[in-house]
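Hello,

Here is the structure I said I would pass on. My notes on it follow below; please read them with the coordinates open.

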Amino acid sequence: MCGGERERRTMEKVPMLAEGYEQITAELKALRAERPKIVDAIEEARAHGDLSENAEYHAAKERQGQVEAMIGDLEDRVSRAQIIDPTSLSGDKIVFGATVTLLDEDDKPVKYQIVGQTEADAKKGRISYSSPLGRALISRQVGDEIEVTVPSGDKFYLVEKIEFI
């Protein structure tokens with residue numbers, strides 16, 4: 001990633017629902033609380049002597065690196081968070097936060113809400129705006145036909161309904 005690309009990425013807002021924001025801040029709080037425990041584990045392992053063959057020391061240092069990286073990532077997302085309330089949205093185009101009812105090739109209805117990456121859970125009917133289907137749906141309207149390529153092949157959908165709930 002070149003400097004300009006990194007700078008552009010840090011300026012980009014990260015859309016998410018309030019629920020996703022709360023989830024990220026709770027995870028951040030938990031990781032920050034883990035920091036002193038890791039430092040204690042490192043100190044205790046150091047007290048055992050030779051660090052070159054000290055598995056506890058190396059495991060604690062590795063965990064410290066993981067936690068710091070995760071904290072950095074979460075702090076970045078929190079600082080760029082743009083909280084979207086779907087109920088405040090309206091219009092006839094699919095946007096972030098919209099709940100969309102689609103008809104598949106067998107005219108069977110499927111319902112998805114377009115959400116942020118951290119909130120996506122296909123089993124709960126929540127797909128990321130950056131997923132193949134999410135990208136294909138953004139800016140579409142009722143009556144539009146959509147073709148999307150997914151790992152299992154090409155899928156065809158018809159946009160039946162757009163809700164902001």
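**Arg126 and its surroundings**

Leaving aside its neighbours within four places in sequence, Arg126 is in contact with Leu17, Glu19, Gln113, Val115, Glu119, Ala120 and Asp121. Please keep in mind throughout that this is a predicted model. Arg126 is found in strand E5. Its relative accessible area is 15%, and because the cut-off for buried is under 20%, Arg126 counts as buried. The side chain of Arg126 also has a polar partner: it makes a polar contact with the side chain of Glu19, at 3.0 Å.

**Glu19, the other side of that pair**

Glu19 sits in helix H2, which covers residues 18-46, so the polar contact joins a side chain of this helix to one of strand E5. Is Glu19 buried or exposed? The answer lies in between: Glu19 is partly exposed, at a relative accessible area of 48%. Apart from neighbours within four places in sequence, Glu19 is in contact with Glu119 and Arg126. Glu119 is also on the contact list of Arg126. For a sense of distance, Glu19 and Arg63 are 44 residues apart in sequence, and their C-alpha atoms are 28 Å apart in space.

**Ser128, in the same strand**

Strand E5 spans residues 126-128, and Ser128 lies in it. Ser128 is buried, with a relative accessible area of 8%. Which side chain does the side chain of Ser128 meet in a polar contact? The partner is the side chain of Ser130, at 2.8 Å. With neighbours within four places in sequence set aside, Ser128 is in contact with Val115, Gly116, Gln117, Ala120 and Gly134. Val115 and Ala120 are also among the contacts of Arg126.

**Leu28, further along the helix**

Leu28 is in helix H2, as is Glu19. Leu28 is buried, with a relative accessibility of 5%, whereas Glu19 is partly exposed. Outside its neighbours within four places in sequence, Leu28 is in contact with Ile71, Leu74, Glu75 and Val78. Leu28 and Lys93 are 65 residues apart in sequence and 34 Å apart in space, C-alpha to C-alpha.

**The chain as a whole**

The secondary structure comes to four helices and seven strands. Along the sequence, these follow the pattern α-β-α-α-β-β-β-β-α-β-β.

How does the radius of gyration of the chain relate to that of a compact globule of 165 residues? The globule would have a value near 15 Å, but the chain has 22 Å. Along the principal axes, the C-alpha atoms fill a box of roughly 70 × 35 × 35 Å.

Of the 165 residues in the chain, 34% are buried; Arg126, Ser128 and Leu28 are among them. Taking the contacts with a separation of 6 or more, 54% are between residues 24 or more positions apart.

The accessible surface comes to about 10,300 Å², and carbon and sulfur atoms account for 50% of that area. As for charge, there are 23 positive and 32 negative side chains, and the centres of the two sets lie 3 Å apart.

Regards

Methods
Residues are numbered from 1 along each chain as its sequence is written. This is a predicted model: local features need pLDDT of at least 70, side-chain atom pairs count only at pLDDT 80 or more; totals for chains, interfaces and linings use all residues. Side-chain values use heavy atoms; hydrogens and water are left out. Helices (H or I, at least four residues) and strands (E, at least two) are DSSP runs, numbered from the N terminus. Buried means under 20% relative accessible area, exposed over 50%, partly exposed in between (1.4 Å probe, protein chains only). A polar contact is a pair of N or O atoms within 3.5 Å; within protein, one must be able to donate a hydrogen and the other to accept it, and residues adjacent in sequence count only if both atoms are side-chain atoms. Contact means heavy atoms within 4.5 Å. The radius of gyration is taken over C-alpha atoms; the globule rule is 2.2 Å times the number of residues to the power 0.38. Accessible areas come from the Shrake-Rupley method with a 1.4 Å probe; for residues, only the protein chains shown count as cover. Lys and Arg count as positive and Asp and Glu as negative; His and the chain ends are not counted. The place of a charge is taken as NZ of Lys, CZ of Arg, CG of Asp or CD of Glu.
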